[in-house]
Structures are given as C-alpha cells and as structure tokens.
Amino acid sequence: MKKILAATVLGLSLGLSAQAFAEPVKVGMITTLSGGGAGLGIDVRDGFMLAVKNAGASDLEVVIEDDAQKPEIAVQLADKMIQSDKVDILTGIIWSNLAMAVVPSVTAQGKFYLSPNAGPSPLAGAQCHENYFNVAWQNDNLHEAMGAYANDAGYKKTFIMAPNYPAGTDALAGFKRFFTGELAGEVYTQLGQTDYAAEIAQIRASGADSMFFFLPGGMGIAFMKQYAQSDVGIPAMGPAFSFSQDILGAVGEAALGVKNSSQWNKDIDNEANKKFVETFQAEYGRLPSLYASQGYDTANLIISAMGKASVSDADAFRAALKAAEFASVRGDFKFGNNNHPIQDIYVREVVKEGDVITNKIVATAFEDHQDAYAAQCGM
Amino acid sequence: MTLALFLEQLLNGLQFGVMLFLMAAGLTLIFGVMGLINLAHGSLYMVGAFACAVVAAWTGSFWLGLVASMAAAAAAGAIIELAVIRRLYARDHLDQVLATFALILIMSEGTRWLFGSVPLYLDIPPLLQGTVPLPGGSRYQLYRLAIIGVGVAVAVGLYLLISKTRLGMRIRAGENDREMIAALGVDVATLYTLVFALGAALAGLAGAMVGAIQSVQVGMGEPVLILAFVVIVIGGIGSIRGALIGAVLVGVTDTMGRFLLPQMLTLFLPPSQAALIGGAVASMLIYLLMAVVLAVRPRGLFPAQA
C-alpha cells in the first residue's frame, strides 16, 4: 500500500514538473543599451543571458529592446511586447523614472514584472503589487548603508548630491535616514548631466569633511574625472553605482581607496557566485558589475519558478517566485511582504588587483536589511 | 557665499558660454549666409569628438586629435554640403529641416555602427592637467581656462576674418544679397561650401574640447544643438557678435541659476525641497531668458540685417 502511494506521489510530481517544463516562458527585456547609461543595461542583459545559458534553459525565450533611457520609448516597448510579442514576464529596466512609467501598467495587465535594477520607493510602499518583484534592492538601501558608514567613519559634515529623478531623491532620503551628522549642502543635478563644474565649485566652497554622491553610469564617470582634475581634496564616497565595475575602468586610479556600499561583490564566498564570476569572465572577457549580478539573479529566479509552476497558472507561478528558491550570487536572499529583497549589505573599497581596478568587501553594513517602505505596503 | 565661489561659478558660466559660441557661430553663419537651417550641426560636433578620441587613442597625442577633429568635421561638412545641402537652398525651410534631420539619424546610426553605443573617454592632455589658484583662495581647472582662451581666440579670429578679409567681405555680401554677388561673378557655390566647412570645423573643435572633460558618445551633439539654437535666437540670427553675447548670456545664466536658485529658495523652503525645486526651475531658466528677450526684441539682440 505504502509503495503504491509513494509511486503515485512520485508519478504525480514527475508529471507535474514535466508539465511545468513543457510550457515555454517568454520574457521581454526593456533595458538601456545606448547613450551614457548603456553600461548598466549591457551588464544586466549579459548577466541575464549568461544565467539562461548556464542553466541550459532552452524553453526560456528572451526578447531584448533598447529604451535609450527614455520613458516614452520604454512605455511603447512594453505595449509592443505585451500585445504583439505576447510576453509573460517583463524585466530589464535600469532607471526609476522609466520603471515608474512602465511597471504599474504592466502589472495592471496581469503580467509579471521582475526588476533587475530600479526600486523606486512608491512601488515598495503604497503602490506595491503582487505581480511586481524587485530582485535588486529598494532604491534607498545602498545609500542607507553609506549613511551608517559615514557615522562610523567619523564624518561630521557631508555634502550630498544626486540626480533629480525618483532614484536620486530616494538616494538622498536613504542616506539621511541613517546619517547623524550635519549636511554641508544638498544638490540635485539633472539626470544625464555631463558637466559638473558648478557642483564641484559648491563642494569646494562648502567646508565639508566628506562628499557623498549617487551618479550611475556615464554621469558617474564624467563627475569622477572632473572631480579628480579639480583638486578639491574632500574624500568622496557613494553607493556601488558610483563605483561599479563599468565606471572604474574609465575613471582609473582616481577612485582608489574610495568606500562604497553594495549588496554584491565578486569576492562573496559561495558556489553560485564563483561560477557566475568565472563564467562571466570567460563569456565576455571582463569583470562583472553588480548590475550583471542582478541580471543573473533575475534570470535564475525565473528559471527556479519555471521548474515549479506553469506561467499560465499565475497564482502558482507567483508563489514560486515569492519562494525565491534559487542560489543567489549574493548568498542569503528572500523576499519581504512587499516582494522586495531582505538581504545583507556590505561596504566595499576600491582597490587595485594587478592591473585591474576593482572592489573588495571590507565590512558588513547591515545584515538581513529590509526597506523602510515595507510597512506601507498592504500585502 | 564667498567671492571666490562666485568667481569660480562665473568662470564656469563663461567656459560653458564659450563652448556654446563655437557651436552657435557656425550655425548662425550658415543660416545668415545661406538661409539654411542646419539641424545636423550637432552631428558635426559629434564627428569632431569621435575623430579626436580615435586619433588621440591611436597616436597618443591629444593635440593631433584636436587637429583631426577640425579636419574631420570640416571634411564631413564639405561632403554634406556638396552631396545634400546644395540641393536645398532653393527649397523652403521645412524641406531643409527634414533633410538635415535625416542627416542626424544617418550620422548617429553610422557612428553607432562604427564605434558602438558605449561612450569613449578622452583624457585631458598632461600640459593642461591640474588647477591654478584663483584670487580668494579657490582653484580653477587649467583645462577649462584653456577652453575660454580658445573661445576668445576664435571670436577674435572670426571678427578679423569677416571684417578684414576678402572672404569675409564676400560672406557679408552673401548675407545681404546673394543674387547680386553671384551676378558680380563671385563663385557662390564654392563660397557656400567654404562657409559650411568653416562652421563644421568650429563645431568639431567644440566637440573635441568638451569630449575631454565629459564623454564622447553617440547623440552627444543634440542637447548642445538645442542650446545653440537658443543662443542664436537670443543673439539675433546671422550675427556673429549676437552669437558671442548670446552664448555668454546663456552660459552664465544656466550656471548661475543652477547654483543660486536653490540657495535663494532655502530662505523659504526646507533645504531638500529647495534643492529639488531650485534644480528643476534652473533647468528652465535659459528658455525663460529666451522668451523675455524675444518679447522685448523679437529679432534678437543684434539682428544681422533688416
């Protein structure tokens, strides 16, 4: 009797998983592949496609389009992917202003959206949605870690700066949530700005003992080059986005010794991460950035859910995503009530390893950190 | 706010203005002499920046890159004039806008095809690295001072070219009455090609110089092109002097606005609100300036001719 029961259960589970695998999943990736923000989108795409390749997931089809960092293009692409490409899941958006324009309409149409980067605060709080999962972080998180670090480092008067868009306001809000010192100045720049002479003059004149800035992609490269050339002499710090692998190559030695916060680094010691860093270098001939790690985790999350449920059964697939049973390259990973990660955040330092300028972890800022907006989410 | 900070910001505004002048001078010359609206001027700026980045990376010399940027942009300008623009002089402005907009798309995609979408980075030449002291204890980047110097030199050179040379006389004559100078036996076609190549070379020079402090990427010219149009509308279309004054006005207004507006708003608002709103309003400031100038002087500050 026992044997028969076991066989039945086995047969059923085999039948079920075979059925889940039999149904292909189509993913639409809208990301930034041109202009000053291209480095971020290229890394997310490459990380994602590497995970698909490593898993041999031939039943996962990916449609990739470039949003050129423009909200109106992203909205058009999302409509096209849902209506004519018939995708099941959307992902890929880098910039929070684009995410705010696209995500609510995608989830309202019953599709899943998995964010590999942007985590604007409204989508973590009041506007959270059961079909929206953030696989990276809520925007404030890394900046909160730097606010805490600035206290530990003994900084008393910090100048803070970010671009004027949702992730920029989240960034400075996050930093201020934990920083207990005084602010020497607070400046919002234009998104995509390439000349920072006016801001650098203000930093120089502010009498600050330290400077915190959030400028991802080409903005960060332009700022760091100009800052280094201007002999300001005030130590800089920032989130990983201002010192990620895609920026360090162009900025060069000017960034050495700078502290920055990240939920991932290439030296995190686990099997998944070792395989990721190794295969990424073999495939693309460069070191991965945190963006690539986020793309990689996003794809692995989808693949893990595909093994458990069919995407046409939205409730089961959603539960499978929420369980987050995949080997994240950052180690422990789970979703909070608002489908945003609860994870460790580290402090990194920019170092030179041989000829390559890269980051290494020097401290843990937070363990099992959850975002500040989770309580505002009704889920 | 200290005097040193004010002075540094003034220099920043001047540097930005001078860079806009290099763009606007070519644009206004081409419009003034040939009556052509050239939207592809921003693409020539991009061509200059890419030529400089490629030659500097290849030879290791920024200076050769700078020469190459002017040569490449002038050559691109001349080819465009001979192949496309020449057919448009007699047509109305809509046809010109459509054709030059098509040129933007062609040149941007062509550059993307050749160099990819990821920005290139140019380094400031060793000779111009570092800073110099300013009165009041501040320091200023030497390279930005050099840009101001180049801009002033170009302004003086253009003034001499247009007011003292035979070519300048023909350019001025062409602005006033192109049928008449053609009837007098001046080779108008060659004159137009020359003026177009000159304007293109200035745009290429601006692109190369700015490329070294910012980044060299596809589409870098269009934001500058929009500002250059604002400059020539403020300065008066067709006038080099207007382009210079308009460019400095726009550069200083933009820089000072970004810096002073948030500070002024802190008198009424909490700092983060002031920074947010001030930053947003500052980005509209030059368009407000343009609106005011047009309301008072509808043909710009220095209209070229009646």
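Colleague: Which residue is the bridge partner of A:F212 in β9(A)?

Modeller: This is a predicted model, so treat every pairing as computed. In β9(A), A:F212 is bridged to A:M237. That pair sits in a wider match between strand β8 (residues 210-213) of chain A and strand β9 (residues 236-239) of chain A. Two bridges join these strands, and they run parallel.

Colleague: Through which helix does the chain cross from β8(A) to β9(A)?

Modeller: Follow the chain out of β8(A). It crosses through helix α9 (residues 218-229) of chain A and arrives at β9(A). This β-α-β crossover is right-handed.

Colleague: How many bridges pair β9(A) with strand β10 (residues 259-262) of chain A?

Modeller: Three bridges, in the parallel sense. To find the register, take A:P239: its bridge partner in β10(A) is A:S261. Here the chain passes from β9(A) to β10(A) by way of helix α10 (residues 245-251) of chain A, in a right-handed β-α-β crossover.

Colleague: Now helix packing. At what angle do the axes of α2 and α4 of chain B cross?

Modeller: Look at axis distance and angle together. Helix α2 (residues 41-59) of chain B and helix α4 (residues 93-115) of chain B have axes that come within 9 Å and cross at roughly 20 degrees. Because angles under 35 degrees count as roughly parallel, α2(B) is roughly parallel to α4(B). The crossing of α2(B) past α4(B) is left-handed.

Colleague: Which residues of α2(B) and α4(B) meet?

Modeller: From α2(B), look for B:G42, B:S43, B:M46, B:V47 and B:F50. Their counterparts in α4(B) are B:L103, B:I104, B:M107, B:S108, B:T111 and B:F115. This contact divides into seven nonpolar residues, four polar and no charged.

Colleague: Is the crossing of α6(A) past α7(A) left-handed or right-handed?

Modeller: Right-handed. The axes of helix α6 (residues 140-152) of chain A and helix α7 (residues 166-178) of chain A come within 7 Å and cross at roughly 35 degrees. Residues that meet include A:D140, A:H143 and A:E144 in α6(A), and A:D170, A:K176 and A:R177 in α7(A). The contact of α6(A) with α7(A) holds six nonpolar, four polar and five charged residues.

Colleague: Last, the chains. How many residues does the contact take from chain B and from chain A?

Modeller: Chain B gives 36 residues and chain A gives 30. On the chain B side, the elements with two or more residues are α1 (3-34), β2 (139-141), α10 (240-265) and α11 (271-282) of chain B. That side divides into 13 nonpolar, 18 polar and five charged residues.

Terms used: Residues numbered from 1 in each chain as written. Chains lettered and ligands numbered in written order. Predicted model: local features only at pLDDT ≥ 70, side-chain atom pairs only at ≥ 80, totals over all residues. Pairing = 2+ DSSP bridges. Helix = DSSP H or I, 4+ residues; strand = E, 2+ residues; numbered from the N terminus. Right-handed = clockwise from strand over helix to strand, strands pointing away. Axes fitted to C-alpha atoms, helices over the stretch in contact; angles between N-to-C directions. Parallel < 35°, antiparallel > 145°, perpendicular 65-115°, else oblique. Left-handed = near helix turned anticlockwise from the far one by under 90°. Contact = placed C-beta atoms within 7 Å. Nonpolar A, V, L, I, M, F, W, Y, C, P; charged D, E, K, R; others polar.
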